[in-house]
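User: Could you take a close look at the salt bridges here and walk me through them slowly? I'm in my first year, so plain language would be great.

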Amino acid sequence: MAATAPLSLLVLLLLGPGVWGQTEPPRDSLREELVITPLPSGDVAATFQFRTRWDSELQREEGTDHSFLRYAVLPREVVCTENLTPWKKLLPCSSKAGLSVLLKADRLFHTSYHSQAVHIRPVCRDARCASISWELRQTLSVVFDAFVTGQGKQDWSLFRMFSRTLTEPCPLASESRVYVDVTNYSQDNETLEVYPPPLTTYQDVVLGTRKTYAVYDLLDTAVINNSRSLNLQLKWKRPPGNEAPPTPFLYAQRYVSGYGLHNGELSTLLYNTHPYRAFPVLLLDTVPWYLRLYVHTLTITSKGKENKPSYIHYQPAQDRMQPHLLEMLIQLPASSVTKVSIQFERALLKWTEYTPDPNHGFYVSPSVLSALVPSEVAAQPVDWEESPLFNTLFPASDSSSYFVRLYTEPLLVSLPTPDFSMPYNVICLTCTVVAVCYGSFYNLLTRTFQIEEPSKGGLARRLANLIRRARGVPPL
Amino acid sequence: MGLLSDPVRRRALARLVLRLNAPLWALPVAWLEWTMRSVGLEVYTQSFSRKLPFPDETHERYMVSGINVYGILRAPRAASTESLVLTVPCGPESPNSQAVGLMLALAAHFRGQIYWAKDIIFLVTEHDLLGSEAWLEAYHDVNVTGMQSSPLQGRAGAIQAAVALELSSDVVTSLDVAVEGLNGQLPNLDLLNLFQTFCQKGGLLCTLQGKLQPQDWTSADGPLQGVQTLLLMALQQASGHPHGAHGLFLRYRVEALTLRGVNSFRQYKYDLVAVGKALEGMFRKLNHLLERLHQSFFFYLLPALSRFVSIGLYMPAAGFLLLVLGLKALELWVQLHEAGVGPEEAGGTPGSSPPLPATQRVGLASLVAPLLISQAVGLALYVLPVLGQHVAAQHFPVAEAEAVVLTLLAVYAAGLALPHSTHWVLSTQAPDRSWMALKLVALIYLALQLACITLTNFSLGFLLAATMVPGAALTKPSGPRPLRAALLVLTSPAAALLGGLFLWQRLQEAPLSLAEGWRLFLAVLAQGVLAHHTYGALLFPLLALGLFPCWLLFWNVLFWKR
């Protein structure tokens, strides 16, 4: 499954009218929240979000200048504590108070999934959008593995997950909440129990499905004052089985096919598992220049037939300057697998261009899929400022579909690599020296020098002379 | 004529009834899926089917269809760019259930650890190598051999290394390691060293080619045993047949080896915990690899687990053998040149062979006929057996597989009649010089082929050179012809194959009688053709299209009409 999204530290810097907020936001306010979602497999996902805003002197310009749009990916980055520490320092309370006390590195890196992000964007300060505030949003998602961390038990608590409990909200925060997904809890067949029982619940549509959340507001004194700390506990009433998790409507897979170090093929499989609805997907591929794409081999097939994309934008690579950029709008038929494949040739790099570990292979960044995936539930009109922050991660623009951006897995491609060992270098060097010396000496020794008499010349010369004589110019 | 009057049909029917009565072996796919899922893996299946070009009598299969089951252990917080494979080949002959059990136990243990940086694929393949081939082709999304298989649902990036496990009992006395892969490809020596390290660490008894490791290299016994192991490895490598399920991974540049648990009559036995520990150690080490294995040797010969012969040491031996061909060709060239320059210039060396009239220049045209005809015989040898099996089975009382082997032998023998059929094509202007020219061409052809083979599969190249070079160098249409003919026949590719079989069995300490040897030879011929069509082994086309026509040229030279 494509659920193993890239774990790159992704910095999205977006400037455009699409992301401008609607109403006047409060200044220098911190909102923090934690969403805990039990997964059908028994694992638990936890998503932290922190948002701060401050005023800026920047004036809004009309329209979008596309020359300011940048997209860059570092497919190799593996997150570790070195990424977490500076990330935590951006928080107003650091990790001293509020939800951020749970951010303990030794627990966060015992998870099966870890994704950390920083989003910066300008937002309007008023309705006319004359002045601008900056918004900094930090998100951190982890999935706790029931197998590894739970040691067989599948019940969860904050203490088990983070080895900490919540004691107080961050004093700077205007809002500090914990949401627990209890969607199954509210149905007849109870599978899940949350302790302490929530004071309020919140219902919303996330990713096309209706969800119920138990809400714990840390600013509400009743939540913490009872025991001076909040240790949320999740108990499975009916332990989840070994069934495969439900498949999403859209997922993707990417791989390199072929073998050998000469040619290959990049293949992306796009799955639409919706039983009756087709939907379009925008596929964005950036491929490094050292994979020379053969664009004429681009084939898109779904259900055994050729699928013609309604829009293609291709920007060829320039060696050592810019990568290939391939953008396509593809219609995915209902319940189908669409295969997008393009062949490439592996280029030879200059010997200084190889990385220090050339035999590891070279990374190809993930494809990005943007799609409006049909949802089963009609979404309610949402008040953006009142709704929780996680809504902005999955904004619903249409009542019948929701927006999803998927990243496929990055690829590791081995290029033809010279043997960089010491004997190889010595052999190369000595061979070059010997060849140069021997070649020039041999040339000198065997060449016979003689003075060449100017010859009559060939037919061309005679013709030229004829013409020259006719023109009255001295012959060659 | 009743249906059962024909003995072959009767035998076939009896075998069929026997197969139908016996419980048909099949992989317990549903159980495996459930178990792997309960261990916490991502489980996928792949079905495949393959119609062999002709019935495989050794493994009793023709229309093969099966299901591979594999589970992927996703490394935490990693992006699935690299993976390791632990594969267990299962088949009707070797159910390998202990290995499956050990694999599942390892999977359960590995799942609880957090240090994995690479995904681990636990793969159970049905029908041994056919299943592996189907899975590998689907994983790399290529179709090399005409296998029909369903596409894979789950992948885990570039495979860095693979270990195949074969266990026949739940206690083992020793672990045998096999490295030789398809077409004589070898894994990086570091993988073998890794295995050897954990063998020593765990105190396991490890063997190579089924031979114990010599302890004492100072006395005569140790080196002698080393030579035996080395010869066994060379023969195995020369055969080009994968020596275990790992062999097919090497084509995709996945370093791989096979571990085989052996349960002999030795007193001290290990349980599977010891084997599992060694495997865990190997996987943890491979997990830590930053780059692919590349620092160590890819070309080597092994007299023992802890010793190897590097390419720099063994290559000169083959080089010197091929030098014989080169020098012989040079000699012929000089002779031809001397004969060609005419009497007045060649008068400077009156003692040499009587100069021939200058008008008798060797036309290239006289070489074309034997070259073409011998290549045509080679092509027939390559194409006819499989193509004409049904015709042969219709007209003669043989089964398809037998028909293939017999056609092979028939075409081979028919090729020996070539000299008598080529002569009427040839103009006999300058018999003396035209045989020299033909031999010159044949020598260069042979030298080139052997050099190319030696570069890719040293053992095959060297063994072929060692057998074919003397006969080729000595061939000429004068002198004691029957003696030379006998020498040439003894050094023909088929005779070399037969000799290799006898040597192999003797080194395995299971010598063959002549009749057994012949039967094994026929089986090996069929297997060789099958391996080419099912896995893409190159030995059969190499012999049929390259070396046999070349050898026929020498045969032609020998029977040159003077």
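Analyst: Let's start with one acidic residue: A:D357 is buried, with a relative accessible area of 9%. Keep in mind that this is a predicted model. The 9% falls under the 20% cut-off, and that's why A:D357 gets called buried.

Who is the partner? A:D357 forms a salt bridge with A:R76, and the closest N and O atoms are 2.9 Å apart. Along the chain these two are 281 residues apart. A:R76 sits in the loop between β3 (44-59) and α1 (81-89) of chain A, while A:D357 sits in the loop between β19 (336-346) and β20 (362-364) of chain A. So the pair links distant parts of the chain, loop to loop. The two ends aren't covered alike, though: A:R76 is partly exposed, with a relative accessible area of 35%, whereas A:D357 is buried.

As for the basic idea, side chains of opposite charge can pair when their charged atoms come close.

Now hop over to chain B. Here B:E133 and B:R251 form a salt bridge, with 3.2 Å between the closest N and O atoms. B:E133 belongs to helix α4 (residues 128-139) of chain B, and B:R251 to the loop between α6 (221-239) and β10 (255-262) of chain B, so this bridge ties together parts that are 118 residues apart in sequence. Are these two buried or exposed? B:E133 is buried, at 1% relative accessible area, and B:R251 counts as buried too, at 15%.

Chain B has another pair to look at: the side chains of B:R260 and B:E166 meet in a salt bridge at 2.9 Å, N to O. This one runs from strand to strand, with B:R260 in strand β10 of chain B and B:E166 in strand β6 (residues 158-166) of chain B. They are 94 residues apart, so again the pair links distant parts of the chain.

Salt bridges don't have to come as lone couples, either. Those that share partners join A:R51, A:R53, A:R121, A:E135 and A:R137 into one network.

And how many salt bridges are there over all chains? The count comes to 21. Among them are the loop-to-loop pair A:R76 and A:D357, the helix-to-loop pair B:E133 and B:R251, and the strand-to-strand pair B:R260 and B:E166.

Notes: Residues are numbered from 1 along each chain as its sequence is written. Chains are lettered from A and ligands numbered from 1 in the order in which they are written. This is a predicted model: local features need pLDDT of at least 70, side-chain atom pairs count only at pLDDT 80 or more; totals for chains, interfaces and linings use all residues. Side-chain values use heavy atoms; hydrogens and water are left out. A salt bridge is a side-chain nitrogen of Lys or Arg within 4 Å of a carboxyl oxygen of Asp or Glu. Helices (H or I, at least four residues) and strands (E, at least two) are DSSP runs, numbered from the N terminus. Buried means under 20% relative accessible area, exposed over 50%, partly exposed in between (1.4 Å probe, protein chains only).
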